[in-house]
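I opened a fresh notebook page for this protein today. Come and look over my shoulder while I work through the model.

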Amino acid sequence: MELRQLRYFLAVVEEANFTRAAAALHVAQPGVSAQIRQLERELGQRLLDRSGRSVTVTEAGAAVLPYARAALAAVDGMRQTADEYAGLLRGRVTLGLVSGAATHEYDVASVLADFHDDHPHVEIALTEDTSDRMLAAVREGRLDIALAGLAEDTPPQGVTWQIVVDEPLAALVAADDPLVAQARAALAGAGGRGDGGRGDGGRGDGLGTVPLAALAGRPLISLPRGTGLRAVLERACAQAGFTPRVAFEAAAPPLLIQLAARGLGVAVFPAPGASASADAYGLRVVGFDEPCPRGRLGLAWRTDGPTGPAARAFLARLRAALTAAARVEPEPARISTPVPNQREHEGS
């Protein structure tokens, strides 16, 4: 029995497909099949059921799977211990990013590049996905770290997060949109205050604010389901007594803004990002009355910390970088979720 046979077996189980497993392992698919057949002959049991559209483990395969994982973990632990004595850092880090998170302000690419320069023997796998799926993957140990949109006030069981963005949402609309006239009327009724008399901190583009219910029946432009911002929008609309009519959805924030600029609907967007894009597209930013829904972005990891030293070191590097660039505004309606202690979980 060889270690590579166990690695191939685990890869096929995780991918539920020989071709995808081979691609993840960077080897030819026939080689994966041959090694697993050899493992099955040695054990005298079929470990995988190949009869369906996806590959599943047999009863025998499910029984030996924990031992395969334990054997590979033990070998990795031996290597890590030896590397620590040699002053080297090896291993693999899996990082998930919500679409649009790797902006210049949150320059995750530079953090990745700098970490790779310092630790060239560490493999880093990067993926983009919805926030819901990434948080589930962190909880289940399939991702070490995720930068995701947050829909809830507290993290799910087994997950810790550090909030790096906490901003009010706003509507991004064409200059002749009815929301602009409604916001101007609210401003006039509030005596001309630049924040509409509601303390919106200027997030209404110098206009007054409007109730969230003003979006009822309007075609909305939003991120897809499964993202934190979409969940926040749907929950806030439900609390305001209506179901949002999302006419267009896209994972890339710039596309949302372009759709709004063509008059296809009302883009709901974090206010600072909307304000930064409004002038370039001739759009106006209209804020919402309190309680205003808020968009939050957080760095999430397992509460007991990533298992490998490489992932722990990368988490500490990423936390420091994102803390320096964090945008967390005070929230009038409630106390913001506290940021965990910087040293908490870094080495545990």
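**Entry 1: two small loops**

I began with Ala16, which sits in the loop between α1 and α2. Its phi is near 55 degrees, a positive value in a residue other than glycine. I then moved along to His26, in the loop between α2 and α3 (29-43). His26 is not a glycine either, yet it has a positive phi of about 60 degrees. Is His26 buried or exposed? I looked up its relative accessibility, found 67%, and wrote down "exposed", because the cut-off for that word is over 50%.

**Entry 2: how far to trust the picture**

I reminded myself that this is a predicted model, so I checked the confidence scores, since pLDDT is the predictor's confidence in each residue. The average pLDDT of the protein is 81, and 83% of the residues score at least 70. Which elements have the lowest and the highest mean pLDDT? I found strand β12 (residues 327-328) at the bottom with 58, and strand β7 (residues 219-222) at the top with 93.

Two stretches got a warning mark in my margin. Residues 194-204 have a pLDDT below 50, although the model gives this stretch 32 contacts beyond near neighbours in sequence. Residues 330-348 also stay under 50, and there the model has 40 contacts beyond four places in sequence. Where pLDDT is low, the predicted coordinates should not be read in detail, so I left those contacts alone.

**Entry 3: strand β6 and its partners**

Next I followed β6, which covers residues 159-174. I counted buried residues and got 16 of the 16, so β6 is largely enclosed by the rest of the structure.

Which strand is joined to β6 by nine bridges? I traced them to strand β11 (residues 294-302), and the two strands run antiparallel. I noted two of the matched positions: Thr160 has Trp301 as its bridge partner in β11, and Gln162 stands opposite Leu299.

β6 has other pairings too. With β10 it pairs in the antiparallel sense over five bridges, and with β9 it does so over four. Ala170 caught my eye here. It stands opposite Gly287 in β10, and its bridge partner in β9 is Phe269.

**Entry 4: strand β11 from the other side**

I turned to β11 itself. Eight of its nine residues are buried, so this strand is also largely enclosed by the rest of the structure. How many bridges join strand β5 (residues 145-150) to β11? I found six, and these strands run antiparallel. One pair to find on screen is Ala146 with its bridge partner Ala300.

Just before β11 I stopped at Pro291, in the loop between β10 and β11. The peptide bond leading from Glu290 to Pro291 is cis, with omega near 0 degrees.

**Entry 5: the nonpolar cores**

In soluble globular proteins, nonpolar side chains tend to be buried together. I went looking for that here. The largest nonpolar core has 38 residues, and Leu179, Leu215 and Val286 touch the most other members. Several elements give it two or more residues, including β6, α7 (178-189), β7, α8 (228-239) and β10 (283-287). I also found another core lying apart from it, made of 35 residues, with Met134, Ile145, Val159 and Leu315 among them.

Ile145 led me to one more check. Its C-alpha atom and that of Arg312 are separated by 9.5 Å, though the two residues are 167 residues apart along the chain. Arg312 lies in helix α11. With a relative accessible area of 23%, Arg312 is partly exposed, because buried would mean under 20%.

**Entry 6: the largest pocket**

I saved the largest pocket for the end. Its volume is about 2,100 Å³. Its lining holds 45 residues, and Glu14, Arg92, Thr94, Gly141 and Arg142 lie nearest its centre. The elements that give two or more residues to this lining include α1 (3-15), α2 (18-25), β3 (91-97), β4 (122-128) and α11 (309-325). Which element gives the most to the lining? I found α4, with eight residues.

Terms used: Residues are numbered from 1 along each chain as its sequence is written. This is a predicted model: local features need pLDDT of at least 70, side-chain atom pairs count only at pLDDT 80 or more; totals for chains, interfaces and linings use all residues. Side-chain values use heavy atoms; hydrogens and water are left out. pLDDT is the predictor's confidence in each residue, from 0 to 100. Contact means heavy atoms within 4.5 Å. A nonpolar core is a set of buried Ala, Val, Leu, Ile, Met, Phe, Trp, Tyr and Cys residues joined through side-chain atoms within 4.5 Å. Buried means under 20% relative accessible area, exposed over 50%, partly exposed in between (1.4 Å probe, protein chains only). Two strands pair if DSSP finds at least two bridges between them. On a 1 Å grid over the protein atoms alone, a cavity is a set of points where a 1.4 Å probe fits but cannot get out, and a pocket is an open set with protein on both sides within 12 Å along at least five of seven lines; lining residues have an atom within 4 Å of a point. Grid points are joined across faces, edges and corners, and a volume is the space filled by probe spheres set on the points.
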